[in-house]
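I opened my notebook to look up a few things in a new structure. Here is what I jotted down as I went.

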Amino acid sequence: MDAVRLILTSRRALASSDDGPRTLEEVWQAQALAQAIGSRLAVSGPPELRGEALGLTELAGRGCGVLDAPDLDPGDLRAAQLTELDDAREALLCLGGLLGEVGIALVGVASAAGDEGTYWQCMEAIDAADESRDRVLEMLRKLAAREGALPER
């Protein structure tokens with residue numbers, strides 16, 4: 001499935017999550033998807049994005065690692081459904097939006113957390129989502145610089 005379509009599915013699922021555990025599951029899904037997209041770009045994306053994409057893969061992996069992994073059927077893991085990344089710019093724009101929404105959702109969960117463990121998981125996940133989003137924005141900047149450097153035809 002195309003990266004943009006998966007990202008939009010994740011955004012809808014995150015927006016419709018109605019409690020802390022469901023939100024954390026959707027945050028984990030979003031981070032896993034960011035990790036998969038970063039990995040794909042690191043291997044086969046534009047050469048100037050590969051270093052930042054590798055960093056995105058590591059940071060999004062950290063975002064998954066600080067949260068309890070949800071008990072998902074393999075077919076429900078959106079990251080595993082990633083088969084196409086046709087438009088890197090569009091995918092990165094959408095992914096940046098998703099990661100921003102992840103941060104906002106995590107603030108809500110942390111604010112309502114009844115225990116310190118959940119609170120600190122959210123704080124770590126917020127940091128990972130924010131740093132992942134910074135990598136995405138840097139890749140978008142590099143793409144814009146590349147497009148600006150291309151001669152007009």
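My entries follow, one topic at a time.

**Before starting.** I reminded myself that this is a predicted model.

**Entry 1: helix H1.** I began with helix H1, which runs over residues 3-16. Does its length agree with its residue count, or disagree? I took 1.5 Å a residue, so the 14 residues should span 20 Å. The C-alpha atoms at the two ends are 20 Å apart, which agrees.

Next I looked at how the helix begins. Asp 2 caps the N-terminal end of H1. One of its side-chain oxygens lies 3.2 Å from the backbone nitrogen of Val 4.

Then I asked which residues of H1 are buried. I wrote down Ala 3, Val 4, Leu 6, Ile 7, Ser 10, Ala 13 and Leu 14. The spacing made me recall a rule: an α-helix has 3.6 residues a turn, so residues three or four places apart point the same way. What do the buried residues of H1 pack against? I found helix H2 (20-44) and helix H4 (88-112) there.

**Entry 2: Gln 29.** I moved on to Gln 29, which sits in helix H2. Buried or exposed? Its relative accessibility is 2%, so Gln 29 counts as buried, the cut-off being under 20%. I also checked what its side chain meets. A polar atom of the Gln 29 side chain lies 3.1 Å from the backbone nitrogen of Arg 78. Setting aside neighbours within four places in sequence, I listed Leu 72, Asp 76, Leu 77 and Arg 78 as the contacts of Gln 29.

**Entry 3: the core.** How many residues does the largest nonpolar core have? I noted 43, and Ile 37 and Leu 95 are the ones with the most contacts inside it. The elements giving two or more residues to this core are H1, H2, helix H3 (50-65), H4 and helix H5 (116-149). H4 supplies the largest share, twelve residues.

I wanted a better look at Leu 95, whose place is in helix H4. Leu 95 has 0% relative accessibility, so I put it down as buried. What does Leu 95 touch, not counting residues up to four places away in sequence? My list reads Ile 7, Ala 34, Ile 37, Leu 56 and Val 136. I also picked Glu 124 for a distance check: Leu 95 and Glu 124 are 29 residues apart in sequence and 19 Å apart in space, C-alpha to C-alpha.

**Entry 4: Thr 118.** This one is in helix H5. Its relative accessible area is 19%, and because the cut-off is under 20%, Thr 118 still goes down as buried. Not counting residues up to four places away in sequence, Thr 118 touches Leu 24, Val 109 and Ala 113.

**Entry 5: cysteines.** How many disulfides does the structure hold? I wrote zero. Cys 64 is in no disulfide, and the nearest cysteine sulfur, that of Cys 122, is 14 Å away. Why is that no disulfide? A pair of sulfur atoms has to be within 2.5 Å to count, so 14 Å doesn't qualify. Cys 64 is buried, with a relative accessible area of 8%. Cys 94 is in no disulfide either, and the nearest cysteine sulfur to it is that of Cys 64, 19 Å away. Cys 94 is buried too, at a relative accessible area of 9%.

Technical notes. Residues numbered from 1 in each chain as written. Predicted model: local features only at pLDDT ≥ 70, side-chain atom pairs only at ≥ 80, totals over all residues. Heavy atoms only, no water. Helix = DSSP H or I, 4+ residues; strand = E, 2+ residues; numbered from the N terminus. Expected span 1.5 Å × (residues − 1). Buried < 20%, exposed > 50% of the residue type's maximum accessible area, 1.4 Å probe, protein only. Contact = heavy atoms within 4.5 Å. Polar contact = N/O pair within 3.5 Å; in protein donor to acceptor, adjacent residues only side chain to side chain. Core = buried A, V, L, I, M, F, W, Y, C linked by side-chain atoms within 4.5 Å.
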